Amino acid sequence: ALWIDDLGCWMDYLVSEECADSRMPAYVDTSNWPLPANGVRFITPPRLRRLLARSPLAQGCYPLALGFYPQAQGHRMHRPLPDDHLLIYCRAGQGWLDTPDGRLAVSGGDLLVLPKGVAHTYGADAQKPWTLYWVHFDGELVADFLKPLGSGPLWRIGVQPRLLAEFDALLNLRKQGLNLAHFIHAAHQLQVLLTSLAVLPARTTLKSGRVLDVDAVQAVMRA
């Protein structure tokens, strides 16, 4: 029964914490922003993080924590030396990102990719706070998954229904219990999400600030 698997998972964690991989951080550095009823913050338990890091089916790239923050008034996070990678997708609203290269404005349809080891600070706009999907992740092949995206922490990709659906599917992990098979499946969902970023419809930003779907325009012209 699933509840037995869940109980066993927690008991294994409690009795074997001293056997933790010393290379793995003791915790995932997420914000403590107060969650509303429809908000989500889910952290992969330490035992499962260790198992994912050792599994040939997941060790390339796997989720450490994930969530959804709707209209995140007062949300702010400073990470001077992050020990994992972070993907943030702004669905609506506005915010900002500070990096060693300066401050960037963030708005609905923007994607942030914040790599391990690079200091950053980000927060919601006071008047129009952002709504975010986010996932912390790590793995031996993360650099390969991110390479097709090129450099730069911010991509103005627009609101992509397929990407929103992929984040929602990943968030379902919190409902599946603490079974390793579900977390391996989530690792593959995350990998699909990352590889899908390289093949999103081409978009560009007009002088007015609106996002133009180049592929859609070309399709109309060919019709």
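This report describes the fold, the central sheet, the aromatic pairs and one buried aspartate of a predicted model.

## Overall composition

The protein has six helices and 12 strands. It comprises 223 residues, of which 45% count as buried. Among the contacts in the protein with a separation of 6 or more, 76% are accounted for by residues 24 or more positions apart.

## The six-stranded sheet

Six strands form an open sheet in the order 1-2-9-4-7-10, with antiparallel pairing. The edges are taken by strand 1 (40-43) and strand 10 (154-156); each has a single partner strand, so one side of each is left without a neighbour in the sheet. On average, neighbouring strands of this sheet are turned by 15° against each other, direction ignored.

At one edge, strand 1 is joined to strand 2 by four bridges, and the two run antiparallel. Within this pairing, F42 has L66 in strand 2 as its bridge partner. Two helices pack on the sheet. Helix 2 (residues 46-54) touches strand 1 and strand 2, and its direction makes about 130° with that of strand 2. Helix 5 (residues 180-196) touches strand 1, strand 2, strand 4 and strand 9, and its direction makes about 70° with that of strand 2.

Towards the other edge, strand 4 and strand 7 pair in the antiparallel sense over four bridges, with L86 standing opposite L114 in strand 7. Strand 7 is in turn joined to strand 10 by three bridges, again running antiparallel; here L111 stands opposite W155 in strand 10.

Strand 7 (residues 110-114) is mostly covered, five of its five residues being buried. Its side chains divide between two directions: D110, L112 and L114 point one way, L111 and V113 point the other way, and all are buried.

## A hairpin and a charge over a ring

Strand 5 (residues 94-99) and strand 6 (residues 102-107) pair in the antiparallel sense over six bridges. The two strands form a hairpin with two residues between them, and T99 has G102 in strand 6 as its bridge partner. The charged end of R103 sits over the ring of W96, at 4.0 Å from the ring centre.

## Aromatic pairs between strands 2 and 9

The structure holds seven aromatic pairs. Two of them are set out below.

| Pair | Distance between ring centres | Angle between planes | Geometry |
|---|---|---|---|
| F68 and Y133 | 4.9 Å | 45° | tilted |
| Y69 and W134 | 5.5 Å | 65° | edge-to-face |

The geometry labels follow from the angles between the planes. Angles over 60 degrees count as edge-to-face, and those under 30 as stacked. The planes of F68 and Y133 are at 45°, so that pair is tilted. The planes of Y69 and W134 are at 65°, so that pair is edge-to-face.

The pair of F68 and Y133 links distant parts of the chain, since F68 lies in strand 2 (residues 62-69) and Y133 in strand 9 (residues 131-138), 65 residues apart. Y69 likewise lies in strand 2 and W134 in strand 9, so their pair ties together parts that are 65 residues apart in sequence.

What is the burial state of the residues in these pairs? Both F68 and Y133 are buried. Y69 is buried, with a relative accessible area of 2%, and W134 counts as buried at 5% relative accessibility. The threshold for this class is under 20% relative accessible area.

Beyond the individual pairs, ring pairs link F68, Y89, Y133 and F167 into a cluster.

## The buried residue D84

D84 lies in the loop between strand 3 (76-79) and strand 4 (85-92). At 1% relative accessibility, D84 counts as buried.

Which side chains does the side chain of D84 meet in polar contacts? One is the side chain of R79, at 2.7 Å. Another is the side chain of H136, at 3.0 Å. Leaving aside residues up to four places away in sequence, D84 touches V28, L64, R79, L114, P115, K116, H136 and F137. One of these residues, L114, is also the residue of strand 7 that stands opposite L86.

How values were computed:
Residues numbered from 1 in each chain as written. Predicted model: local features only at pLDDT ≥ 70, side-chain atom pairs only at ≥ 80, totals over all residues. Heavy atoms only, no water. Phe/Tyr/Trp six-rings, centres within 6.5 Å; stacked < 30°, edge-to-face > 60°. Buried < 20%, exposed > 50% of the residue type's maximum accessible area, 1.4 Å probe, protein only. Lys NZ or Arg CZ within 6 Å of the ring centre and 35° of its normal. Polar contact = N/O pair within 3.5 Å; in protein donor to acceptor, adjacent residues only side chain to side chain. Contact = heavy atoms within 4.5 Å. Pairing = 2+ DSSP bridges. Axes fitted to C-alpha atoms, helices over the stretch in contact; angles between N-to-C directions.
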